[in-house]
Amino acid sequence: MNLYNIKDHSEQVSFQQAVKQGLGRQQGLFFPSELPHFDNIDELLEMDLVSRSRVILGALIGDELSDEALAGMLKRAFHFPAPVKKVNDKVSALELFHGPTLAFKDFGGRFMAQCLREFGGGQKITILTATSGDTGAAVAHAFHGIDNIDVVVLYPKGKISPLQEALFCTLGDNIHTLAVEGTFDDCQAMVKQAFDDAELRQAVGLNSANSINISRLMAQICYYFEAVAQVPKEARNNLVVSVPSGNFGNLTAGLLGKAMGLPVKRFIAATNVNDTVPRYLETGEWAPKETVPTLANAMDVSAPNNWPRIEELCQIKGWGLDQLGYGAIDDATTVSTLQGMNEQGYLCEPHGAIAYNLLEQQLADDEYGLFLCTAHPAKFKESVDEALSIDLPLPKPLADAAEKPLLSDTIAADFSLVRAKLMSL
Ligand SMILES: *Cc1c(COP(=O)(O)O)cnc(C)c1O
């Protein structure tokens, strides 16, 4: 598999290099030089998740991984289901939260860990990632206990839920967590700075595991196929998929799936009031604002770092950006949407509710809708309990984590402190 740097097409790398390097020169994102196209979609959709993913990723990655190695990696990474649940006659939910950290980022995080273990060759690797909530947990769990790999997670102090924090800041061992006095964008900026620091990169074998890493996107393509496999056959060509978006990795993966032949009529880019992309699609002007905290805090991102990949793909495929649905939902509407969903018998959390709301608004009479549920409702227990006047029981992984002491260090949003921590490992 060949990939090129979107900012400098002369930089070409293999899949292995792209996974290890994360970002290219000038912080450019890697993009596949070629995408396979499947004409045997019906046949693919008959397969189970792991077997089908082996075909899809095998075609994408090519001979850099043996079929046998890939099969083993996928078996270890995707050991939990991605069920589609009916909400009403026209709309279903794709539940992506049945993995160990109860959020969709388990798919990308676990596959990436398998890739690095496979490609690592016993050299020291340090994973540095910024999280607005779920990436950190998924990455920490995916890498916990792997030899020769240290993980450093930066997150905005006080801006993620206490349960989210418990899930990845209580692991210890090779997992190091830093609570940053700042926003998620500050954390993300420091990660970028670290990758620009050639000496540091070399010294600690720096690697990023946030949604810019191509291996994570590739894993995510697989569950879009799994979703379409479960919707009624007659809905397949009239399917609208709504994606709750922050950094837009999830939507990128969906669009890559479509480019590879997956029958999806259109996608909806659903955000909270951090609406840089919806405003851009409306006005053509890219104008990020200060990040605002919301109930759907894993989407509190005003400078979404995967967006250039979406532009690149649309350009290659000749898709106009006007084919994308979009919209932004405020907290009050998120709460009333959660209540409306609960009345229909579907218990959701803020991120999924935002995607559902826009889907209901934009679905035509002859279309069938699917929205992504990116986290287990109990991961956002405070908001869900309050919106629905209930007391959600904690699933076991969360209950266990909540009992343990937090092991994070608190630091100012100052890159030199992050650098010192990395050098000390
Ligand atoms: C990360 C996350 C999102 C946003 O996904 P992106 O790929 O960054 O757009 C949505 N919901 C939840 C629960 C998340 O953790």
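**Group meeting: Arg110, helix 4, the ligand site and His176**

Okay, let's start with Arg110. Leaving out residues up to four places away in sequence, Arg110 touches Arg76, Ala77, His79, Phe80, Pro100 and Ala142. Before I go on, keep in mind that this is a predicted model.

So where does Arg110 sit? It lies in helix 5. Is Arg110 buried or exposed? Its relative accessibility is 16%, and because the cut-off for buried is under 20%, Arg110 counts as buried. One of those touching residues gives us a polar contact too: a polar atom of the Arg110 side chain lies 3.3 Å from the backbone oxygen of Arg76. And if you want a long-range ruler, take Asp409, which is 299 residues from Arg110 along the chain, with 25 Å between the two C-alpha atoms.

Now, Arg76 and Ala77 bring us to helix 4, which covers residues 67–77. Which residues of helix 4 are buried? Those are Ala69, Leu70, Ala71, Gly72, Met73, Leu74 and Ala77. What do they pack against? On one hand there's helix 3, residues 49–61, and on the other helix 5, residues 105–119. Ala77 is worth a second look here: it is on that buried list, and it is also among the residues that Arg110 touches.

Next up, the ligand. It has 15 residues around it, and the closest are Lys105, Asp134, Gly246, Phe248 and Thr374. Let me go through some polar pairs. On the backbone side, an N or O atom of Asn247 is 2.8 Å from a ligand oxygen, and a polar backbone atom of Phe248 is 2.8 Å from an oxygen of the ligand. Thr374 uses its side chain: an N or O atom there lies 2.8 Å from a ligand nitrogen. How much of the ligand does the protein bury? On its own the ligand exposes 380 Å², and the protein buries 98% of that. The space the ligand takes up is also the largest cavity.

Last stop, His176, over in strand 8, residues 175–181. His176 counts as buried, because its relative accessibility is 16%. Which residues does His176 contact, once we set aside neighbours within four places in sequence? We get Asp150, Val151, Val152, Val153, Lys421 and Leu425. With Asp150 there is a polar contact, side chain to side chain, at 3.0 Å.

To wrap up with the two residues I singled out: Arg110 is buried and in helix 5, while His176 is buried and in strand 8. That's me done.

Notes
Residues numbered from 1 in each chain as written. Predicted model: local features only at pLDDT ≥ 70, side-chain atom pairs only at ≥ 80, totals over all residues. Heavy atoms only, no water. Buried < 20%, exposed > 50% of the residue type's maximum accessible area, 1.4 Å probe, protein only. Helix = DSSP H or I, 4+ residues; strand = E, 2+ residues; numbered from the N terminus. Contact = heavy atoms within 4.5 Å. Near = heavy atom within 4 Å. Polar contact = N/O pair within 3.5 Å; in protein donor to acceptor, adjacent residues only side chain to side chain. Areas by Shrake-Rupley, 256 points an atom, 1.4 Å probe, with all protein chains shown as cover. 1 Å grid on protein atoms, 1.4 Å probe; cavity = no way out; pocket = protein on both sides within 12 Å on 5 of 7 lines; lining within 4 Å. Sits in = over half its atoms within 2 Å of the grid points.
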